[in-house]
Structures are given as C-alpha cells and as structure tokens.
Amino acid sequence: MRILIIGGTGAAGSRIAAEAQRRGHAITIASRTTGMRVDASDTEAVAAAAARMDVVIAATRPALGREADVVAVTAGLTTGTARAGARLLVVGGASPLRVPGTGRTAIEDPRWVPPTIRPIAAASTRQLEILQATGRESAWTYLAPAADFAPAADRTPGLGQGSYRLHLGRDGSVPDLVIAADGTSRISMEDFALAVLDEVEEPRMLRGVIAVGT
C-alpha cells in the first residue's frame, strides 16, 4: 500500500514507519521540518500530500504549551485526507478511554493520567471530539495506546514482545482502557506499531476508536 506518515520522524511515527517498511509498503514520511514538509493544519497541503495515497497515518503531537494547536491540525488532517480520498489513521492518546467499572474516562483518573501530563492528555481528548464531529466523508480511525506508552527500551521487561490486545469501540462508543491482569496499562511503541499496520492491512474499525495494550 501507499502510506503517508505525517509525524513519521517522531518517537511513535518512526516506529510505525519502520514496521511499514518491514512489511514492504511504499511509505512517504512527512513532517514540518524533514522529509516531505507538510503543515498538518493546512488543509490544502494535506490534500496535496495525500493525493494518490491509500492511507495517511497521523502521528503528530503538539509542542509543550501549544496544546491548542490540536484543533487546527485535526481539522486539516480530516478535511485534507477526505478531499484526497485517503483513509486517516490517527495516533491518539489514552485520555478519552473508559476506565473499566468506574464510569470515568482515563483523564479523570490520576492513576492513568497524572496532573503533570493533563494538558497534552486533554489535547488527545479534544482530538477525538473533533474527529467524531466530522462528516461521513472522512474515513478516520483513532488508535489509542495504553496509559504507559513508550519505546520498549525505556520500560521494564515485558514490553516489545510482538503482541498486543485490542478493545474496539462499537456503534460509536469509546472503548475501555486496556488493563493487564497485573493492573498495569501499557504498550510499547514497537507493539503499537504492529497494531497500526495490522489495522492498515485488515481494517477493523471505521470512524471509531481502537484501544491498544498488552
């Protein structure tokens, strides 16, 4: 497949790009500063970059203190990919996911979203809200990693083992956070990349949310 990865030089995006290359896909990496330069908030720029692409993967993250940028970026991505006729997969966050048995979202529970990261977590929630408000012409999927989301090398053993579990948000619902039997919620960026590329190749969800964890 022809895949455009916007934010493909970042921590998550670079691992998704590596997995896509390993599987033999034709990938183009775009960012604000390297590779194909694309301002994701610019609808026309996104549409031009996404032309003749099968899938666009958005692995963007606002800079510290610029969390409000997520509004323009998400709007640019959804409208631009819709104009190009490309499917959009968004690397989101755990914050909008439901905490099993509580009726709360992850951002409302400091076990999963500590106060220090609430601004960026709130941006992830806003990102999903914007996607949910788009018209039917936008073919998006929001992939939400577990609460502990980092490169395998940065975490304890047990991450980066080549496996993952999914919770799917059916009928427009937001699924539960993936929590392991030991009470942790985590996924390595490497294992998350497997889930993203599996979704590219064999779609499970359109205009909905997929939670990913171990």
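A residue is counted as buried when its relative accessible area is under 20%. In the predicted model described here, helix 3 has the following buried residues by this criterion: Val 70, Val 73, Thr 74, Gly 76, Leu 77, Thr 78, Gly 80 and Thr 81. The packing partners of these buried residues are two helices and three strands, namely helix 2 (43-50) and helix 4, together with strand 1 (2-6), strand 4 (55-58) and strand 5 (87-91). The length of helix 3 was compared with the value expected at 1.5 Å a residue: its 16 residues should span 22 Å, and the end C-alpha atoms are 23 Å apart, which agrees. Gly 85 follows helix 3 and has a positive phi, near 75 degrees.

Helix 3 (69-84) also takes part in the lining of the largest pocket, as do helix 1 (11-22) and helix 4 (118-132), each of these elements giving two or more residues. The space in this pocket amounts to about 960 Å³. Its lining consists of 39 residues, and those nearest the centre of the pocket are Ala 59, Thr 60, Arg 61, Pro 62 and Ile 120. Helix 4 supplies the largest share of the lining, with 5 residues. Divided by class, the lining residues are 24 nonpolar, 11 polar and 4 charged.

Side chains of opposite charge can pair when their charged atoms come close. In the model, 13 salt bridges were found. One of them joins the side chains of Glu 44 and Arg 83, with an N to O distance of 2.3 Å. Because Glu 44 belongs to helix 2 and Arg 83 to helix 3, this pair ties together parts that are 39 residues apart in sequence. Glu 44 and Arg 83 are both exposed.

A further salt bridge is formed by the side chains of Arg 87 and Glu 199, at 2.6 Å from N to O. Here Arg 87 is part of strand 5 and Glu 199 is part of helix 5 (residues 189-201), so the parts tied together are 112 residues apart in sequence. Both Arg 87 and Glu 199 are buried, whereas the Glu 44 and Arg 83 residues are both exposed.

The side chains of Asp 109 and Arg 104 also meet in a salt bridge, with 3.4 Å between N and O. Asp 109 has a relative accessibility of 2% and therefore counts as buried. Arg 104, with a relative accessible area of 35%, is partly exposed. In addition, a network of salt bridges links Glu 19, Arg 22, Arg 23, Asp 198 and Glu 201.

Backbone torsions were examined for positive phi values. Most residues other than glycine have a negative phi. Arg 52, which is not a glycine, has a positive phi of about 70 degrees. Arg 52 is located in the loop between helix 2 and strand 4, and its relative accessibility of 64% places it in the exposed class. Arg 207, likewise a residue other than glycine, has a positive phi near 55 degrees. Arg 207 is found in the loop that runs between helix 5 and strand 10 (208-213). With a relative accessibility of 15%, Arg 207 counts as buried, whereas Arg 52 counts as exposed.

Definitions and conventions: Residues numbered from 1 in each chain as written. Predicted model: local features only at pLDDT ≥ 70, side-chain atom pairs only at ≥ 80, totals over all residues. Heavy atoms only, no water. 1 Å grid on protein atoms, 1.4 Å probe; cavity = no way out; pocket = protein on both sides within 12 Å on 5 of 7 lines; lining within 4 Å. Points joined across faces, edges and corners; volume = space filled by probe spheres on them. Helix = DSSP H or I, 4+ residues; strand = E, 2+ residues; numbered from the N terminus. Nonpolar A, V, L, I, M, F, W, Y, C, P; charged D, E, K, R; others polar. Expected span 1.5 Å × (residues − 1). Buried < 20%, exposed > 50% of the residue type's maximum accessible area, 1.4 Å probe, protein only. Contact = heavy atoms within 4.5 Å. Salt bridge = Lys/Arg side-chain N within 4 Å of Asp/Glu carboxyl O.
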